[in-house]
Amino acid sequence: MAEVVGVRFKKAGKIYWFDPNNIDLKAGDDVIVETVRGIEMGKVMIEKREVPDEEIVQPLKKVVRKATEEDYQKAQENMEKAAKALEICKEKVQKHGLPMKLLHAEYTFDNNKLLFYFTAEGRVDFRELVKDLAAVFRTRIELRQIGVRDDTKFRGGLGPCGREICCSVHLCEFVPISIKMAKQQGLVLNPAKISGLCGRLMCCLTYEQKFYEEAMLKLPGIGAIVKTADGVGEVVEVNILKEKIKVRFEDEMQNVELKEYSVGEFEILKDTKKIQQPVVALDDDEIKELLNLEE
């Protein structure tokens with residue numbers, strides 16, 4: 001076991017473990033730490049605790065000190081310098097005619113490296129651009145190509161729910177999302193309804209997925225044959241949220257009756273496991289767009 005603190009460097013960014021170095025630290029404290037990129041400024045998100053050695057990426061870097069007024073001033077200066085560097089880089093990109101879109105620039109705290117983040121449709125040969133930038137800024141230059149999700153995380157915005165998008169508030173990492181999740185949750189397969197500002201499937205599809213998967217293990221599919229206290233019938237409707245099914249009974253006179261049952265009130269005799277989804281008419285363009293949402 002090792003004593004560590006969790007430090008985050010960006011809003012909604014990943015939390016990394018550091019050796020507290022016998023410094024009294026509390027959640028919310030700004031600290032200067034040693035990282036693989038050099039000296040950086042971050043915020044303590046998780047107070048001192050012991051974690052198994054296998055959860056730690058070795059070597060475990062140390063917290064150098066709590067942030068001082070001089071550190072805050074330097075961080076502000078770095079932000080101002082990075083904003084100017086971004087404008088200069090944009091001019092250089094235009095000069096070289098590179099098919100890339102610059103999003104953000106940042107200096108490491110110790111000014112040993114200047115990073116530029118960009119998006120592009122494919123690979124970009126920016127070797128000449130790096131040479132130009134290195135000559136201007138006299139420091140190490142790094143260009144990082146990021147995806148559309150990371151682009152949206154940088155920019156932020158309001159989602160369809162009216163709240164600030166999850167990735168810019170609390171999601172530390174992106175997880176795989178598939179069309180299958182939308183189908184299992186009975187959502188209308190319309191790109192405008194299930195895609196976020198990034199144009200990809202909404203991250204919130206994963207929030208309730210575990211519940212749906214567990215509920216579907218208890219429930220039969222449409223067309224399944226079940227035995228109830230009222231006899232044997234066919235499942236014609238499944239309500240996953242309420243964990244109920246609607247069963248169709250037909251007597252010898254071909255009279256039809258529908259009854260609803262909760263989990264535990266029926267026995268599955270034959271299961272199809274094919275819960276119907278809403279039928280939605282999509283045109284060719286919408287179908288292509290929907291396919292492009294698949295991660």
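1. Partly exposed means a relative accessible area between the buried cut-off, under 20%, and the exposed cut-off, over 50%. R200 has 28% relative accessibility, so it counts as partly exposed. The model is a predicted one. R200 sits in the loop between α5 (191-194) and α6 (209-218). In sequence, R200 and V148 are 52 residues apart. In space, their C-alpha atoms are 8.2 Å apart.

2. The UniProt record, an unreviewed entry, places the feature "domain: PSP1 C-terminal" at residues 61-146. In the model this span is 45% helix and 28% strand. The C-alpha atoms at its two ends lie 26 Å apart.

3. Helix α1 covers residues 69-96. How far apart should the ends of its 28 residues be, at 1.5 Å a residue? The expected span is 40 Å, and the end C-alpha atoms are 40 Å apart, so the two values agree. Just after α1, G97 takes a positive phi of about 65°.

4. Which residues of α1 are buried? They are D71, A75, N78, A82, A85, L86, C89, K92 and V93. Note that the list includes D71 and K92 alongside A75 and L86. These buried residues pack against the strands β3 (30-35), β4 (38-51), β5 (63-66), β6 (101-107) and β7 (113-119). They also pack against helix α2 (127-137).

5. Helix α3 runs over residues 148-155. R149, D151, T152 and K153 are buried there. Their cover includes β6 and β7. Just after α3, G156 has a positive phi of about 75°.

6. Now the charged pairs. Side chains of opposite charge can pair when their charged atoms come close. The cut-off used here is a side-chain nitrogen of Lys or Arg within 4 Å of a carboxyl oxygen of Asp or Glu. By this rule the model has 19 salt bridges. The points below take up some of them.

7. D29 and K66 form a salt bridge, with the closest N and O atoms 3.8 Å apart. This pair links distant parts of the chain, 37 residues apart. D29 is in the loop between β2 (15-18) and β3, while K66 is in strand β5. K66 has a relative accessible area of 38%, so it is partly exposed.

8. K218 pairs with E243 in another salt bridge, and the closest N and O atoms are 3.5 Å apart. K218 belongs to helix α6, and E243 to the loop between β10 (231-239) and β11 (244-250), so the bridge ties together parts 25 residues apart in sequence. Is K218 buried or partly exposed? Its relative accessibility is 42%, so it counts as partly exposed.

9. R127 and D125 also meet through their side chains, in a salt bridge of 2.8 Å from N to O. R127 has a relative accessible area of 59%, so it is exposed. D125 is partly exposed, because its value is 48%.

10. Salt bridges also form a network. It links K113, E142 and R144.

11. One surface patch is nonpolar. V236, V256 and L258 make it, and its area is about 240 Å². L258 is placed in strand β12, residues 256-262.

Key:
Residues are numbered from 1 along each chain as its sequence is written. This is a predicted model: local features need pLDDT of at least 70, side-chain atom pairs count only at pLDDT 80 or more; totals for chains, interfaces and linings use all residues. Side-chain values use heavy atoms; hydrogens and water are left out. Patches are made of residues with over 30% relative accessible area and no salt bridge: like charges are joined within 9 Å, nonpolar side chains (Val, Leu, Ile, Met, Phe, Trp, Tyr) within 5 Å. Accessible areas come from the Shrake-Rupley method with a 1.4 Å probe; for residues, only the protein chains shown count as cover. Helices (H or I, at least four residues) and strands (E, at least two) are DSSP runs, numbered from the N terminus. Buried means under 20% relative accessible area, exposed over 50%, partly exposed in between (1.4 Å probe, protein chains only). UniProt positions are given in the numbering used here, feature names are shortened, and annotations may be inferred rather than shown by experiment. The expected span of a helix is 1.5 Å times one less than its number of residues. Contact means heavy atoms within 4.5 Å.
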